[in-house]
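Student: I'm more at home at the bench than with structure files. Please take me through this one feature by feature.

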Amino acid sequence: MTIRQKVAVIGLGSMGYGMALSALRGGHRVWGSDINADRVARLRSEGGEADEVELVAGDLDAVAVVVLNAKQTDTVLFGENGIVPRLHPGAVVIACATVPPAFARDMAARCEKRGVLYLDAPISGGAAKAANGELSIMASGRPEAFTAAEPLLDSIAERVFELGHSAGAGSAMKAVNQLLAGVHIATMAEALTFGMTQGIQPETFVEVISKCAGTSWMLENRAPHIVEGDYTPRSSVNIWPKDLGIVLDIAQSCDFEAPITAVALQQFKAAAEMGLGWDDDAAVAKVYARKAGLRLPGEGES
């Protein structure tokens, strides 16, 4: 039997908005909150509830926090207008941002002091899968948190990896995923532009390499953006200095060297310094193109 919950999604960016729509399709009552009022209004026009989240917080069963980083998560949960003190005991926070494992453990402890459950639940899959309820979620938390979150997770996720009964394990796994994802994007950009120096057009690169052993999910997902010259942000360049920075901080804390991650991080930082921070992360290819004197598709004569 489908259990319909009262849920809030805080953070209606490309991932959060898709998750909210998936929750609506799952039959839940959904409230949305975002600093962008247009996104809130759009959700309401598509079936979201009209009230402000803080006015109904005491009745909510679950709150998905889909913001950018640890600072924003802390503000949403425990800031001046934080939602945790308003929730009833037994409600569950599903925290989806990429954060350090220690931060996740701290948030879980602070929630538990108020009787609120906390699920450390970073997400993966991109905006399209968020909108289709097909996300992968790397989750850890108390069994009670999984039980409380299950109806909403069933609506927004294709796979929920249960990684343990303590917060932090989900975020640790997300760091591993982000190491690979960031390196793969930068490597795709390097390979595509290297190919251009050898006379290989970007569309030919995608056609051939996506069917060969050198491919990756990131190559197949991001390289077409370069071919189309479309840098509308599905995931922005600015995500990666944060996420790869988290990876390197964790590595440093355990005396682990991650040189490939460090090099990829520098490429994303270079892209941000070129003014591309809010472009799609495939724009990291422009770092290579500028240095090599190449023009990517969609770029005019210099």
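Tutor: Let's start with a term. A polar contact is a pair of N or O atoms within 3.5 Å; within protein, one must be able to donate a hydrogen and the other to accept it, and residues adjacent in sequence count only if both atoms are side-chain atoms. Keep in mind that this is a predicted model, where local features need pLDDT of at least 70, side-chain atom pairs count only at pLDDT 80 or more, and totals for chains, interfaces and linings use all residues. Residues are numbered from 1 along each chain as its sequence is written, and side-chain values use heavy atoms, with hydrogens and water left out.

Student: How many residue pairs are in polar contact between domain 1 and domain 2?

Tutor: Five residue pairs, both partners at pLDDT 80 or more. Salt bridges between domain 1 and domain 2 number zero; such a bridge is a side-chain nitrogen of Lys or Arg within 4 Å of a carboxyl oxygen of Asp or Glu.

Student: Where do the two domains run?

Tutor: Domain 1 covers 6-166 and domain 2 covers 172-292, with bounds from an automatic or database domain assignment. Their C-alpha centres are 28 Å apart. Domain 1 puts 13 residues into the contact and domain 2 puts in 12 residues, where contact means heavy atoms within 4.5 Å. About 1100 Å² is buried between domain 1 and domain 2, with 70% of that from carbon and sulfur atoms. That area is the accessible area (1.4 Å probe) the two parts lose on being put together, summed over both.

Student: What do the UniProt annotations cover?

Tutor: An unreviewed UniProt entry gives "domain: 6-phosphogluconate dehydrogenase NADP-binding" for residues 6-164 and "domain: 3-hydroxyisobutyrate dehydrogenase-like NAD-binding" for residues 168-288. UniProt positions are in the numbering used here, feature names are shortened, and annotations may be inferred rather than shown by experiment. Over residues 6-164 the chain is 42% helix and 22% strand, with its end C-alpha atoms 26 Å apart. Residues 168-288 come out at 71% helix and 0% strand, and there the end C-alpha atoms are 36 Å apart. Helices (H or I, at least four residues) and strands (E, at least two) are DSSP runs, numbered from the N terminus.

Student: Which residue does the "active site" annotation cover?

Tutor: Lys174, again from the unreviewed UniProt entry. Lys174 sits in helix H8 (residues 169-197).

Student: Why does Lys174 count as buried?

Tutor: Because its relative accessibility is 5%; buried means under 20% relative accessible area, exposed over 50%, and partly exposed in between (1.4 Å probe, protein chains only). Leaving aside residues up to four places away in sequence, Lys174 touches Thr98, Pro122, Ile123 and Met138. With Thr98, the side chains make a polar contact at 2.7 Å.

Student: Now the charged pairs. How many salt bridges does the structure hold?

Tutor: Generally, side chains of opposite charge can pair when their charged atoms come close. Here there are 13 salt bridges. One of them joins Glu49 and Arg29, with the closest N and O atoms 3.2 Å apart. Glu49 is in the loop between helix H2 (37-45) and helix H3 (53-56), while Arg29 is in strand E2 (residues 29-33), so the pair ties together parts 20 residues apart in sequence. Arg29 is partly exposed at 38% relative accessible area.

Student: What is the N to O distance for Arg290 and Glu299?

Tutor: 2.9 Å, in a salt bridge between their side chains. Arg290 is partly exposed at 45%, and Glu299 is partly exposed at 21%. Elsewhere, Asp74, Asp106 and Arg110 are linked in a network of salt bridges.
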